[in-house]
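This report describes the fold, surface and pocket features of one protein chain. The sequence and the coordinates are shown first, and the description follows.

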Amino acid sequence: WWSYMLIEQNNEIYNLKSAINLLHHEDPQLIIEKGNELEKKLHRRWWMITGEGLVFLVLLLTAFWKVRNTFRKEAALAAQQRNFLLSVTHELKSPIASAKLAMETLLKRDLTREKQKEILTNALSDTERLNKLVENILLASRIDASAFELHKENVNLSEYMEEGMKQVLQTFNPEQKVILDIQPNIILPIDKTIFPSIILNLFENAMKYS
């Protein structure tokens, strides 16, 4: 609309100047020359207005595109957060329910010492699992807030993983046969705080879904 109004105004000025030119000059050749000059000026102004309008249009379209992308990213992030909360809620409820059932069984039934020890061991395993889940959630929060820094050190990864996996396997069903096949003497710089959670997540997913 801005461009249209400017072009209309320029057309009116052109028509007025043409009329004045006709009134002030009697020589036809001079009138034609003045008319051509006015027409060239009019065309230059048209191109100038069109160029400015195109620049404004490009800026507006770029702004709309950036805003649209921002909204899409925010929507995707919100969906990820919802899925994360649902997943975390499910993962937290499982060990809590299992430990609660074990405690209720111990309270309501008169069991042998061996059976009590087995139930307590399972409850302790669920509590340890719950503790690791909470640690992972806190770690994720620190990473999301950019408040986490890696502290790497050279470690014999083969020995480190073998020792860690032996502890992890104690909390799983002994009927599930797991064979460790780890290449010896792999030296890598790792953060001992976060690396076990990576291996544990991979291992738990393999045990659950493969």
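Along the sequence, the secondary structure elements of the chain follow the order α-α-α-β-α-β-α. The model is a predicted one. The chain holds 5 helices and 2 strands. Of its 210 residues, 18% are buried.

**Contacts between distant parts of the sequence**

Two residue pairs bring separate stretches of the chain together. Lys 41, which belongs to helix 2, has its C-alpha atom 8.8 Å from that of Tyr 14, although 27 residues separate the two in sequence. Lys 41 is partly exposed, with a relative accessible area of 36%.

Asn 122 is located in helix 3. Its partner is Ala 99: the two lie 23 residues apart along the chain, and their C-alpha atoms are separated by 7.7 Å. Asn 122 is partly exposed at 43% relative accessibility.

**The salt bridge**

Side chains of opposite charge can pair when their charged atoms come close. In this model the count is 1 salt bridge. The bridge joins Glu 118 to Lys 115, with 3.8 Å between the closest N and O atoms; this distance falls within the 4 Å cut-off, and the pair therefore counts as a salt bridge. Both residues belong to helix 3 (residues 113-144), and because they are 3 residues apart there, about one helical turn separates them. Glu 118 is partly exposed, with a relative accessible area of 42%, and Lys 115 is also partly exposed, with a value of 38%.

**Accessibility of selected residues**

The table sets out the relative accessible area of residues discussed in this report.

| Residue | Relative accessible area | Class |
|---|---|---|
| Lys 41 | 36% | partly exposed |
| Phe 64 | 57% | exposed |
| Lys 115 | 38% | partly exposed |
| Glu 118 | 42% | partly exposed |
| Asn 122 | 43% | partly exposed |
| Asn 185 | 59% | exposed |

**A nonpolar surface patch**

Leu 54, Leu 57, Leu 60, Leu 61 and Phe 64 make up a nonpolar patch of about 530 Å² on the surface. Phe 64 is situated in helix 2. With a relative accessibility of 57%, Phe 64 counts as exposed, because this value is over 50%.

**The second largest pocket**

Rolling a probe the size of a water molecule over the atoms shows where empty space is left. The second largest pocket encloses about 370 Å³. Helix 2 (28-108), helix 3 and helix 5 (195-209) are the elements that each give two or more residues to its lining. The lining comprises 17 residues, and those nearest the centre of the pocket are Ser 87, Glu 91, Leu 133, Asn 136 and Asn 201. By character, the lining residues divide into 8 nonpolar, 4 polar and 5 charged.

**A positive phi in a loop**

Most residues other than glycine have a negative phi. Which residue has a positive phi although it is not a glycine? Asn 185 does, with a phi of about 55 degrees. Asn 185 is placed in the loop that connects helix 4 (157-169) and strand 2 (187-190). With 59% relative accessibility, Asn 185 counts as exposed.

Methods. Residues numbered from 1 in each chain as written. Predicted model: local features only at pLDDT ≥ 70, side-chain atom pairs only at ≥ 80, totals over all residues. Heavy atoms only, no water. Salt bridge = Lys/Arg side-chain N within 4 Å of Asp/Glu carboxyl O. Helix = DSSP H or I, 4+ residues; strand = E, 2+ residues; numbered from the N terminus. Buried < 20%, exposed > 50% of the residue type's maximum accessible area, 1.4 Å probe, protein only. 1 Å grid on protein atoms, 1.4 Å probe; cavity = no way out; pocket = protein on both sides within 12 Å on 5 of 7 lines; lining within 4 Å. Points joined across faces, edges and corners; volume = space filled by probe spheres on them. Nonpolar A, V, L, I, M, F, W, Y, C, P; charged D, E, K, R; others polar. Patch = residues over 30% accessible without salt bridge, like charges linked within 9 Å, V, L, I, M, F, W, Y side chains within 5 Å. Areas by Shrake-Rupley, 256 points an atom, 1.4 Å probe, with all protein chains shown as cover.
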